[in-house]
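Good morning, everyone, and thank you for making room for me on the agenda. Please have a look at the sequence and the structure while I talk you through them.

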Amino acid sequence: MTALISGLVLPLLAALAAIALPARARLPVALLGVGLTLAASIWLAISVWTNGAITVSLGGWQPPIGIALRADGLGAALGVMTALVMAAVALAARHEMEPLVAGPRTSFGFWPLMLLLWAALNAVFVSRDLFNLYVGLELITLTAVALVAISGKAEAIAAALRYLLFALAGSLLYLAGVVLSYAAHGTLDISLLAARTAVPGDALALGLMTAGLLVKTALFPFHVWLPPAHSAAPAPASAMLSALVPKASLLILLRLWFEAMPELATPVALFTLAGLGALAVIWGGVLALLQARLKLIVAYSTVAQLGYIFLVFPLAGGDGAAQPWAAGAWTGAMFQMLGHGLAKAAMFLAAGIYIAAVGSDRLSDVRGLARALPMTGFAFALASITLLGLPPSAGFTAKYLLMTGAFASGQWAWAFVLVGGGLLAAAYLYRPLTAIFAREIAVTPRPIPWGWQAVPLVLAMLSVALGLLSSVPFDFLQIGRPDQAAEGL
Amino acid sequence: MSLTVFAMTGATLVGLGVYGLLARVHMLRRIMAFNLIGSGLFLFFGAAGARGAALDPIPQALIITGIVVALAASALAVGLVVALARSSGTACLPDEAGDT
């Protein structure tokens, strides 16, 4: 319980301290906050591993009056992934967000925003109350929009405003669903909602909440805000926005469909969700092919990679009887969430190093940089392996489990999406990789400290290690798993 | 009876807000539209909480929280619109510049 609460309180306190303390103390306090929150997240995961899912009723009040927090395997695993990405972002931002490099205003704003975003993400990972989740989502939106606009450039402000428009529309749709659900059942707790007596209005409430969350997850066709916002932000901010922020709304979506209202999952609804995911895989991949800037390629690839996770809706439970373990496809989608987070953060941090080294992320300018900055080139290549889904990465485990689910349940059409998406990823990652590993150097880079270059490499190696050592995370993700994940919707 | 009036007023406000959001490109008008939708939802929520014999306190607590969240979002949005107007000379998004 202490670990769970620490993960929420520590980043909030560190954010306040980073605002209030004099300039000299800000960076040490922020880094201390990052270290402590990282420790709290790992501690939470260890206690979930040893004791099973942890439930806390805030203030001793039970739902429906009080708010329940619950850390299950999925929430704790996302918490650890977030902590690793945040720690890496902090180590990179120590260089990139220096007042002399980024300007005093950007440098001042970055640390509190990053810590607040972390607190909000952790809150969403453990909340069991629909309105509490709404507040968490809004906190994520506000900090993420501010992080997009933090450089103060005209294009960044326009991208941030467009992001805010979409995100607020999504929030209001979600809120409308929450209000209708409360009006019908008098509770906001996910576990109590699962035991409710169904009324006809439930489908409308779930539909509104789902629509709002899809906008926030940037699923096709609501993805148009994502690439400009993620590429306009400074690289460490992009890493958080792309690797972590969409996972929060996606997690709520999974909790709603698999835990709160699983009986509303009709074949048409499941097909629509997965169909939009498949279109996202293809459309995001095609648009990534057409981009000339590294950060835009990586941002469009996020649209595509998030699409895979939506295949879980029809495939979950598909191989419950065919495999020695249950819930293969569900776990595959979770591996995709974790592996994509680590790999995507590594890619954006690598892009940040290139921007610092040559002042641009155009493919023509990063040509040959693997010769001058071999560790960064290697990190980008390793992260690509995860996005491509090549063994032994986490992306491979994810696609293997999803594909087994597709064949075992006779829905083999979805396997084409997995294969086609992999081919598209190979095509759109081929261009940046050939540019980075070209023989001739286009622009002579400035030297980059060794410790900074190692940061994306460690993240990329973790995304591969997650696939190599997949049995421990596999078992961990089963802790507190909803029954519907094994039985299917 | 009066509860129906509150709920219908809330629904009307949501409708007005959605219209404003879709029909207007000036960002300040859109922020006002968001606030209209939010207020409509809160009014509806309050009416829903007052239906039973005993008054349900939870919607009131949630509405107050929601108002604070909406205020924070509006403040950030207005700040961004001011920054956009200063840097680009217009309070509309780049590809939507037209009449307000």
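I will go through the two chains, then the place where they touch, and finally some charged pairs.

Before anything else, please keep in mind that what you see is a predicted model, and that the values I quote are computed from it.

Let me begin with chain A, which has 23 helices and 2 strands. Taken along the principal axes, its C-alpha atoms fill a box of roughly 65 × 55 × 40 Å. For 489 residues, a compact globule would be expected to have a radius of gyration near 23 Å, and chain A, with 21 Å, agrees with that expectation. Of those 489 residues, 65% count as buried. If we take the contacts in chain A between residues at least 6 apart in sequence, 83% of them join residues at least 24 apart.

Chain B has 3 helices and 0 strands, and when you read along its sequence you meet the pattern α-α-α. Here the radius of gyration is 17 Å, whereas a compact globule of 100 residues would have one near 13 Å. The C-alpha trace of chain B spans about 55 × 25 × 15 Å along its principal axes, and buried residues make up 36% of the 100 residues in this chain. Among the contacts in chain B with a separation of 6 or more, 60% are between residues 24 or more positions apart.

Now we can turn to the place where the two chains meet. How many residues does the contact take from each chain? It takes 27 residues from chain A and 30 residues from chain B. Between them, chain A and chain B bury about 2600 Å², and 85% of this area is on carbon and sulfur atoms. On the side of chain A, the residues A:Leu161, A:Leu165 and A:Tyr182 supply 23% of the area that chain A buries against chain B, which is more than any other three residues supply.

Which kinds of polar or charged pairing does the rule find across this interface? It finds 0 salt bridges between chain A and chain B, but it does find 2 residue pairs in polar contact, both at pLDDT 80 or more. The elements that give two or more residues to the side of chain A that touches chain B are helix H6 (130-149) and helix H7 (154-185) of chain A. Helix H7 of chain A gives the most, with 17 residues. If we sort the residues on that side of chain A by type, we get 25 nonpolar, no polar and 2 charged.

My last topic is the salt bridges, of which the structure holds 8 over all chains. In one of them the side chains of A:Glu259 and A:Arg128 meet, at 2.8 Å from N to O. This pair links distant parts of the chain, for A:Glu259 is in helix H12 (residues 245-260) of chain A, while A:Arg128 is in the loop between helix H5 (104-126) and H6 of chain A, 131 residues apart. Are these two partners buried or exposed? A:Glu259 counts as buried because its relative accessibility is 13%, and A:Arg128 is buried as well, with a relative accessible area of 5%.

A:Arg196 takes part in two of the salt bridges that I would like to show you. One is with A:Asp202, where the closest N and O atoms are 2.9 Å apart, and the other is with A:Glu263, where the closest N and O atoms are 2.5 Å apart. A:Glu263 lies in the loop between H12 and helix H13 (267-289) of chain A, and A:Arg196 lies in the loop between helix H8 (190-194) and helix H9 (202-217) of chain A, so this pair ties together parts that are 67 residues apart in sequence. A:Asp202 is buried, with a relative accessible area of 1%, and A:Arg196 is buried too, with 12%. A:Glu263, by contrast, counts as partly exposed, because its relative accessibility is 46%.

Finally, salt bridges that share partners join A:Asp72, A:Arg128, A:Arg255 and A:Glu259 into one network, and with that I will stop and take your questions.

Key
Residues numbered from 1 in each chain as written. Chains lettered and ligands numbered in written order. Predicted model: local features only at pLDDT ≥ 70, side-chain atom pairs only at ≥ 80, totals over all residues. Heavy atoms only, no water. Contact = heavy atoms within 4.5 Å. Buried area = accessible area lost by both parts, 1.4 Å probe. Salt bridge = Lys/Arg side-chain N within 4 Å of Asp/Glu carboxyl O. Polar contact = N/O pair within 3.5 Å; in protein donor to acceptor, adjacent residues only side chain to side chain. Helix = DSSP H or I, 4+ residues; strand = E, 2+ residues; numbered from the N terminus. Nonpolar A, V, L, I, M, F, W, Y, C, P; charged D, E, K, R; others polar. Rg over C-alpha atoms; globule rule 2.2 N^0.38 Å. Buried < 20%, exposed > 50% of the residue type's maximum accessible area, 1.4 Å probe, protein only.
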